[in-house]
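I opened the model today to look up a few things and note them down. The entries follow in the order in which I made them.

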Amino acid sequence: MSIRSSAEWGALESHFASVKDTHLRDLFAADPGRGDTMHAEAGDIYLDYSKNRLTSETLQLLLALAERADLRQHIDDMFSGKKINVTERRAVLHTALRAPRDAVIEVDGHNVVPDVHEVLDRMAAFSERVRTGDWTGATEKRIRNVINIGIGGSDLGPAMAFEALKNFSDRDMTFQYVSNIDGTAFVEATRGLDPAETLFVICSKTFTTLETMTNAHTARNWVVDTLGDAAVEHHFVAASTNSEEVARFGIDTDNMFPFWDWVGGRYSYDSAIGLSLMVAIGPERFGEMLAGFHAMDEHFRTAPFDRNLPVLLGLIGIWYNNFFGAETVSILPYDQYLWRLTSYFQQLDMESDGKSVDRSGDPVDVQTGPIVWGQPGTNGQHAYYQLIHQGTKLIPCDFIGFAKPTHDVGDHHNLLMANYFAQPEALAFGKTREEVEAEGVPDHQVPHRVFRGNHPTNSILVSELTPHTLGQLIALYEHKVFTQGWIWDINSFDQWGVELGKVLANRIIPVLDAAEDPDLDHDSSTNALIRRFRRLR
């Protein structure tokens with residue numbers, strides 16, 4: 001039975017009709033202590049969800065919906081290694097990537113935790129060799145540049161985490177991330193670099209991904225043109241499972257770091273995919289990050305739902321997505337090091353929950369995953385906050401801030417955090433016509449300077465940005481996505497939607513390369529565009 005047909009969903013629909021027009025000003029007037037009660041915390045993360053358009057009754061009804069979906073059992077199923085990825089018949093065990101050494105997590109009767117730590121140990125040994133200069137290039141020069149080549153989860157994760165933790169990285173080295181098949185990406189990443197001092201980490205589970213392998217072969221040519229074929233094994237390592245293709249490329253398989261089919265790409269940067277990050281911040285810091293992931297994993301697995309941060313975020317998201325009809329969510333980190341965080345969450349959420357059929361293959365009858373967007377504050381305030389404040393769309397927002405600055409520069413951090421606190425307040429309460437008029441604003445400006453408020457926000461306050469807290473933050477959103485996907489009865493762990501475009505692109509490549517005008521068998525629009533492209537080229 002669809003979740004929408006349940007009594008719990010029906011109760012929420014009835015409740016929504018009675019509260020949908022209630023203003024946050026009225027909710028706070030009726031309960032001035034909302035901010036003291038509507039919060040939860042885990043580890044280093046504090047969540048204030050009081051500035052949401054919900055009541056204690058709303059929350060109880062949403063929690064009942066989670067119970068109706070048997071969410072607790074399915075959380076246990078994921079953590080125990082059951083094959084909840086039904087279309088690919090795979091376990092979903094990114095949580096095993098950060099499990100302690102003595103944990104036991106079995107897939108088909110095999111404990112995968114020793115395998116995970118064997119790879120982590122190999123990664124640590126290799127990272128230390130690079131960081132200390134023990135690993136050298138073909139000319140025995142020290143490696144000073146590391147370039148990660150991947151795409152999707154093999155790029156967004158490590159690239160985001162490197163930027164987030166750049167302050168913990170070895171500043172005597174440079175780290176670049178190449179994903180786009182546009183040749184500009186490779187040219188700019190390698191501009192001014194010496195091939196003799198450059199190491200490439202090729203991240204591809206199959207070692208056949210078109211974009212990744214095109215960039216990898218371009219990198220190989222860049223090295224070989226200067227240093228010769230024998231240099232490849234000194235300047236390339238792989239995160240992959242395809243030892244045959246890795247060896248064919250010229251990489252010593254001793255320098256191949258595997259991962260497993262129960263790790264989805266967008267959940268993988270804490271696996272071998274994070275090798276470049278480990279080189280950057282060192283094995284110890286990488287381990288601290290894994291411990292942060294695990295701390296949030298355990299909170300999600302064990303905490304009661306009414307105090308469970310990922311569950312609360314997920315249920316609040318469902319409230320806006322499915323009852324208010326909001327189609328987007330804006331994630332707004334108030335820390336410059338997190339400038340790639342929202343891009344990372346875009347893939348995590350939109351690739352996971354952007355589905356239109358349920359786990360049985362039937363069309364869904366509810367709206368599923370939201371559009372995720374945003375950028376760091378305070379930049380966004382001078383870009384699109386106008387639309388959030390005074391536009392016609394309902395846009396729930398997550399504000400992420402840190403109590404301690406990474407760099408204590410004058411009064412910058414207090415100014416930054418003043419905005420972090422002010423924006424949710426302004427979004428919630430707005431400014432009435434009477435308040436504007438009382439300020440003596442000219443009559444013709446009054447309607448333009450009214451802020452209706454009632455815009456919902458979550459405020460996530462973290463102690464400081466460290467490897468440990470980054471792990472907690474990423475796991476928080478991973479499990480939020482799981483919560484929502486399970487209640488919608490969709491498979492959050494496949495991504496068939498990325499395949500069709502790839503298949504068509506492979507058909508078109510020979511047409512673009514053809515010396516003579518080819519016969520075209522696409523639609524008239526695509527045919528016309530290809531002909532125009534060939535003429536312009």
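**Entry 1. N321.** I count a residue as buried when its relative accessible area is under 20%. The model is a predicted one. With that cut-off I looked up N321, which has a relative accessible area of 5% and is therefore buried. I found N321 in helix α14, residues 309-324. Its side chain makes a polar contact of 2.9 Å with the side chain of Q367. Setting aside residues up to four places away in sequence, I listed A326, Q367, T368, G369, P370 and W488 as what N321 touches.

**Entry 2. Y334.** I then asked myself where Y334 is placed. I found Y334 in the loop between β10 and α15. Is Y334 buried or exposed? Its relative accessibility is 0%, so Y334 is buried. I noted two polar contacts made by the side chain: one of 2.6 Å to the side chain of Q381, and one of 3.0 Å to the side chain of Y385. Without neighbours within four places in sequence, the contacts of Y334 include G377, T378, F399, I400, G401 and F402. L416, N419, Y420 and Q423 are also among them. For L416 I looked up the C-alpha separation from Y334, which is 7.1 Å, with the two positions 82 residues apart along the chain.

**Entry 3. The sheet of 6 strands.** I traced an open sheet with mixed pairing, in the order β1-β2-β13-β12-β10-β11. Its edges are β1 (39-42) and β11 (371-373), and each of these pairs on one side only. From one strand to the next I read an average twist of 15°. Between β2 (residues 45-48) and β13 (residues 457-462) I found 4 bridges, and the two strands run antiparallel. D48 has S459 as its bridge partner in β13. Helix α15 (residues 341-353) packs on this sheet and touches β10 (328-333), β11 and β12 (397-402). The direction of α15 makes about 170° with that of β11. I also noted helix α17 (residues 412-429), which lies across β12 and β13 and runs at about 155° to β12.

**Entry 4. Strand β5.** How many residues of β5 (residues 145-149) are buried? I get 5 of 5. N145, I147 and I149 point one way from the strand, while V146 and N148 point the other way. I found 5 bridges from β5 to β6 (residues 174-178), and these strands run parallel. T174 is the bridge partner of N145 in β6.

**Entry 5. Nonpolar cores.** As background, nonpolar side chains in soluble globular proteins tend to be buried together. The largest nonpolar core here has 122 residues. Which of them touch the most other members? I listed W262, Y269, W319, I460, L470 and Y477. For W262, leaving out neighbours within four places in sequence, the contacts include A91, V92, L93, H94, A96 and L97. V107, V112 and V116 are also on that list. Apart from the core of 122 residues I found another, of 22 residues, with I149, A216, W222 and V232 among its members.

**Entry 6. Cysteines.** I searched for disulfides and found 0. I looked up C203, which is buried at a relative accessible area of 1%. C397 is buried too, with a relative accessible area of 1%.

Methods:
Residues are numbered from 1 along each chain as its sequence is written. This is a predicted model: local features need pLDDT of at least 70, side-chain atom pairs count only at pLDDT 80 or more; totals for chains, interfaces and linings use all residues. Side-chain values use heavy atoms; hydrogens and water are left out. Two strands pair if DSSP finds at least two bridges between them. Axes are lines fitted to C-alpha atoms, for helices over the stretch in contact, and angles run from 0 to 180 degrees between N-to-C directions. Contact means heavy atoms within 4.5 Å. A disulfide is a pair of cysteine sulfur atoms within 2.5 Å. Buried means under 20% relative accessible area, exposed over 50%, partly exposed in between (1.4 Å probe, protein chains only). A nonpolar core is a set of buried Ala, Val, Leu, Ile, Met, Phe, Trp, Tyr and Cys residues joined through side-chain atoms within 4.5 Å. A polar contact is a pair of N or O atoms within 3.5 Å; within protein, one must be able to donate a hydrogen and the other to accept it, and residues adjacent in sequence count only if both atoms are side-chain atoms.
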